[in-house]
Amino acid sequence: MCKECYVDDNRITPLLKPFDCLENHTQYICGTCGRCICIEHDQNRGLQRWNFPFKSLEIAKLYLRTADYTMKKSCGIYEIKSENGRLSYKIFADSEDLRVYLKKNKDKTCEMMVPVFRVEEYKEYPNTQIRKLTFAEIQNYMSER
């Protein structure tokens with residue numbers, strides 16, 4: 001597992017429309033393994049990809065580093081259950097943010113109220129970059145997938 005971005009596959013992201021995401025969105029470029037993770041802010045709501053629910057813990061882990069970097073602290077992935085029993089995984093900066101979310105979303109619960117995954121301590125890494133990629137970088141990254 002990459003010590004900086006928490007995954008084994010350094011070219012797994014972006015998952016959906018990878019070329020489009022790499023071309024049009026700002027990327028967190030892991031200074032350790034070079035993986036690109038979308039860190040773009042939605043212009044209308046100011047949200048980032050990590051603010052939304054994920055279908056699995058594995059997918060949520062792919063975006064956790066962008067939450068940690070944005071919040072400058074170790075965030076956690078929490079298992080959320082909807083009233084129909086469907087599970088999703090959502091990243092929160094801390095348990096207080098989780099409580100606020102649950103208060104606003106009465107149809108959701110978090111049985112454990114602790115993260116199912118988080119790293120022990122937030123760290124900065126010297127070679128990290130936040131920027132859009134050049135066309136040549138996009139082509140190279142896609143060829144390595």
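Author: Strands (E, at least two residues) and helices (H or I, at least four) are DSSP runs, numbered from the N terminus, and two strands pair if DSSP finds at least two bridges between them. The model here is predicted, so local features need pLDDT of at least 70 and side-chain atom pairs pLDDT 80 or more, while totals for chains, interfaces and linings use all residues. Residues are numbered from 1 along each chain as its sequence is written, and side-chain values use heavy atoms, without hydrogens or water.

Reader: Which residue in E5 stands opposite Lys81?
Author: Start with the strands involved: E3 covers residues 76-82 and runs antiparallel to E5, joined to E5 by two bridges. Lys81 falls within E3, and the residue opposite Lys81 in E5 is Thr109.

Reader: Which are the edge strands of the open sheet with the order E4-E3-E5?
Author: Three strands make up this open sheet, and their pairing is antiparallel. An edge strand here pairs on one side only, and that holds for E4 and E5.

Reader: At about what angle does H2 run to E4?
Author: An angle here is taken between N-to-C directions, from 0 to 180 degrees, with axes fitted to C-alpha atoms and, for helices, over the stretch in contact. H2 lies across E3 as well as E4. Its direction relative to E4 is about 10°.

Reader: Which three residues does Asp107 contact, leaving aside its neighbours within four places in sequence?
Author: Asp107 sits in the loop between H3 and strand E5 (108-109). One partner, Glu83, is 24 residues away in sequence, yet the two C-alpha atoms are 5.3 Å apart. Counting contact as heavy atoms within 4.5 Å, the partners are Lys81, Ser82 and Glu83.

Reader: Why does Asp107 count as partly exposed?
Author: With a 1.4 Å probe and protein chains only, buried means under 20% relative accessible area and exposed over 50%, with partly exposed in between. Asp107 counts as partly exposed because its relative accessibility is 31%.

Reader: Now to the sheet with the order E2-E1-E6: by how many degrees are its neighbouring strands turned on average?
Author: This is an open sheet of three strands with antiparallel pairing. Its edges are E2 (36-38) and E6 (129-131), each of which pairs on one side only. Ignoring direction, the average turn between neighbouring strands is 25°.

Reader: Which residue in E6 is the bridge partner of Gln27?
Author: Strand E1 takes in residues 27-29 and pairs with E6 in the antiparallel sense over three bridges. Gln27 therefore lies in E1, given those residue limits. In E6, its bridge partner is Arg131.

Reader: Which strands of this sheet does H2 touch?
Author: H2 packs on the sheet, and its direction makes about 70° with that of E2. The strands touched by H2 are E1, E2 and E6.

Reader: Which elements give two or more residues to the lining of the largest pocket?
Author: On a 1 Å grid over the protein atoms alone, a pocket is an open set of points where a 1.4 Å probe fits, with protein on both sides within 12 Å along at least five of seven lines; lining residues have an atom within 4 Å of a point. The largest pocket has 20 lining residues, with Leu16, His25, Cys38, Arg49 and Tyr63 nearest its centre. The elements asked for are helix H1 (18-24) and helix H2 (57-71).

Reader: And which element gives the most to the lining of the second largest pocket?
Author: Its lining has 15 residues, and Asn51, Lys90, Phe92, Asp97 and Tyr101 lie nearest the centre. Two elements give two or more residues each, strand E4 (87-92) and helix H3 (95-104). With four residues, the one that gives the most is H3.
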